[in-house]
Amino acid sequence: MTAVHPAWLPRDVDDSIVLTRDPDCGLGEEGYTIARAGGVTTVVAAGEPGLMYGAFHALRLRGDCPAATHRPAKARRVMQHWDNVFVHPVMGQVERGYSGGSVFWEDGALTADLDRVSDYARLLASTGINLVSVNNVNVHAGEARLLTDRLGEVAALAARLRQYHIRVLLSVSFASPVTLGGLGTADPCDPAVRAWWAGAARRVYAVIPDFGGFVVKADSEGQPGPFAYGRTHADGANALAAALAPFGGDVYWRAFVYNHRQDWRDRTTDRARAAFDHFGPLDGQFADNVILQVKHGPIDFQTREPVSPVLLGMAATRLAVEFQATQEYTGQQRHVCYLPPMWSPVLSAVADRVDAVVTVSNVGEDPYWTGHPLAQANLYAAGRLAWDPALDPIALLDEWIRLTFPAAAADVLHAIMDSSWAVYESYTAPLGVGFMVKPGHHYGPDVDGYEYSPWGTYHFADRDGVGVDRSVATGTGFSGQYPPPWSARYESLETCPDELLLFFHHVPYGHVLHSGVTVIQHIYDTHFAGAAAVTEMRRRWASLPPALVGEDLHARVGELLAEQERSAVEWRDRINTYFFRKSGVADALGRRLY
């Protein structure tokens with residue numbers, strides 16, 4: 001065994017942490033053992049990645065390191081950026097970004113601040129992330145050139161990320177053989193197309209030898225794909241996979257495919273069904289280095305969704321579960337919403353079925369990285385859960401608080417954050433119904449905003465009841481896409497969980513929940529309670545002396561909590577008023593409805 005001092009050694013590691021390389025320890029490249037004795041913490045690993053992860057572990061638990069062996073549960077722990085190289089006229093520099101501009105790109109060029117990229121790499125490595133995609137899955141014309149004449153810029157990012165054993169992924173356009181290669185077709189079964197992709201892969205690996213692979217969004221929301229050529233998604237993914245296979249690269253092929261031009265009058269088309277309808281029949285047809293990347297729920301990162309049936313029903317396909325740290329539908333980093341309690345049950349259900357855990361980044365150029373300083377907790381926990389899906393999300397919250405704030409602030413921060421997802425859910429869309437947000441930017445309440453749109457996200461509220469009938473017996477049949485016992489649980493009104501009731505069933509307002517209250521009274525009660533809880537969050541934060549957490553940070557969080565309180569009241573009044581006017585049923589407690 002050899003004691004080492006790698007160049008990446010964190011700045012705050014001192015002589016109380018000893019790193020030792022043992023090539024014969026049998027822990028793989030990323031595993032490590034850790035123990036503390038006589039005031040010294042010893043980390044043993046086979047290679048530098050394991051030593052690095054062990055060093056960060058020692059820093060997290062300095063002075064309290066029981067002897068243990070640690071290995072990542074998943075070899076691929078991915079942070080994906082929806083960053084645009086060029087500022088998009090609608091989405092800006094970062095699509096669904098709420099933390100300023102990109103850490104990678106600025107106004108069409110590679111960032112000049114590569115030192116910040118290195119800092120970001122260190123931040124991610126400390127949580128266990130080992131793959132990063134550096135551009136948006138919606139690949140626009142300018143961004144597509146990262147695969148060709150702008151590949152050197154990707155290589156510059158890869159060099160900074162490599163310092164912390166993070167490999168680069170690149171989002172590519174399926175139409176690249178046409179738009180970049182000048183071919184007349186992008187048909188994945190055409191030999192010339194396959195040869196073009198093979199050449200593109202060779203050029204990438206010539207300058208980025210540890211390149212991780214491609215991320216592809218195809219036949220989705222206007223992005224080109226194999227359907228244009230009468231081919232399947234397996235055909236499309238396998239063509240790119242064949243190009244990457246000689247170099248050990250993977251294709252992360254997103255399963256977010258659905259009809260976004262449907263007629264709202266057509267109740268037989270169900271967006272929730274789309275991913276399994278498209279991909280379920282292809283199980284077993286994907287190449288070994290294709291990873292089908294599946295959103296954790298069947299629709300689109302709503303505040304409450306069931307686990308996607310694709311993650312439960314494709315046993316012969318390599319899968320990745322995709323979460324969204326950027327708070328597109330959960331307050332956009334203007335609201336406190338600690339998301340790991342939502343992610344953790346999904347991970348528990350699918351951990352043994354997936355090869356990768358993917359998180360959509362919430363990071364930008366903001367001095368606090370994530371816009372809302374408290375949203376850093378989502379970024380931190382995303383990496384930690386990707387390393388070990390069995391970790392307790394609330395314990396991770398306390399770990400992040402301890403590492404970030406003075407001990408005197410810990411109780412207040414825990415009280416504000418530990419139930420913040422449940423609070424957010426309580427004053428927004430009820431009982432799993434989803435999509436009551438303003439169209440386009442998705443911030444703030446608009447109950448019918450998507451109800452008559454082509455996107456396929458409806459609540460079907462009328463004078464008699466609310467909810468989407470997705471049962472096999474009388475509805476769209478979506479519940480039947482699940483294997484037993486999930487299918488039976490969701491099919492039955494008696495066993496469907498209250499929190500998902502309106503996702504799976506259309507029920508009268510007087511339907512009695514398992515909690516013992518009616519649907520309409522639950523809507524009233526939770527929305528009043530949710531807004532009141534945000535007022536209490538704001539009071540708790542104000543009770544902290546600004547000097548304890550820093551004047552600027554205290555002011556930033558205080559301003560954001562004021563906006564969250566305003567928004568929560570607006571949600572409360574709009575949702576309650578809407579359902580009062582639909583149902584004609586008054587609040588049993590006589591509270592103000594409009």
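This report describes a barrel of strands, a helix packed on it, the cavities, and several individual residues in a predicted model.

## Basis of the description

The structure is a predicted model, in which local features need pLDDT of at least 70 and side-chain atom pairs count only at pLDDT 80 or more, while totals for chains, interfaces and linings use all residues. Residues are numbered from 1 along each chain as its sequence is written, and side-chain values use heavy atoms, with hydrogens and water left out.

## The barrel

Eight strands close into a barrel with parallel pairing, in the order β6-β11-β12-β13-β14-β15-β16-β17, and the twist from one strand to the next averages 25°. Helices (H or I, at least four residues) and strands (E, at least two) are DSSP runs, numbered from the N terminus, and two strands pair if DSSP finds at least two bridges between them. Angles run from 0 to 180 degrees between N-to-C directions, and the axes are lines fitted to C-alpha atoms, for helices over the stretch in contact.

Several of these pairings can be followed residue by residue. β6 is joined to β17 in the parallel sense over five bridges, and within this pairing R77 has V357 of β17 as its bridge partner. Three bridges join β6 to β11, where Q80 stands opposite S133. From β11 (residues 131–133), three bridges lead to β12 (residues 167–171), with L131 opposite R167. β12 in turn is joined by three bridges to β13 (residues 213–216), where S171 faces V215, and four bridges connect β13 to β14, with F214 opposite V251.

## Strand β6

Strand β6 (residues 76–80) is mostly covered, since five of its five residues are buried; buried means under 20% relative accessible area, exposed means over 50%, and partly exposed lies in between (1.4 Å probe, protein chains only). In a regular strand the side chains alternate between the two faces of the sheet. In β6, R76, V78 and Q80 point one way and R77 and M79 the other way, and all are buried.

## Helix α10 and P341

Helix α10 (residues 340–350) packs on the sheet and touches β16 (319–324) and β17 (356–360), with a direction that makes about 175° with that of β16. Contact here means heavy atoms within 4.5 Å.

P341 lies in this helix and is buried, with a relative accessible area of 19%. Leaving aside neighbours within four places in sequence, P341 is in contact with P393, I394, D418 and W421. From C-alpha to C-alpha, P341 and A35 are 30 Å apart in space, and they are 306 residues apart in sequence.

## Cavities

A search of the whole structure finds six cavities of 30 Å³ or more, and the largest has a volume of about 120 Å³. On a 1 Å grid over the protein atoms alone, a cavity is a set of points where a 1.4 Å probe fits but cannot get out, and lining residues have an atom within 4 Å of a point. Grid points are joined across faces, edges and corners, and a volume is the space filled by probe spheres set on the points.

The largest cavity is lined by 15 residues, of which A255, F256, A275, P298 and I299 are the closest to its centre. Both α8 (274–279) and β15 (290–295) supply at least two residues of this lining, and β15 gives the most, with three residues. The lining divides into nine nonpolar, three polar and three charged residues, where Ala, Val, Leu, Ile, Met, Phe, Trp, Tyr, Cys and Pro count as nonpolar, Asp, Glu, Lys and Arg as charged, and the others, Gly among them, as polar.

## Residues in loops and in helix α19

Two residues other than glycine have a positive phi: F301, at about 55°, and H442, near 70°. F301 is in the loop between β15 and α9 (309–313) and is buried at 3% relative accessible area, while H442 lies in the loop between α14 (420–427) and β18 and is buried at 6%. A cis peptide bond, with omega about 0°, joins P484 and P485, and P485 lies in the loop between β18 (465–466) and α15 (486–491).

D263, in the loop between β14 (250–254) and α8, is partly exposed at 38% relative accessibility. H554, by contrast, is found in helix α19 (residues 551–583) and counts as buried at 13%. Not counting residues up to four places away in sequence, H554 touches W541, A542, L544, P545, P546 and V549.

How values were computed
On a 1 Å grid over the protein atoms alone, a cavity is a set of points where a 1.4 Å probe fits but cannot get out, and a pocket is an open set with protein on both sides within 12 Å along at least five of seven lines; lining residues have an atom within 4 Å of a point.
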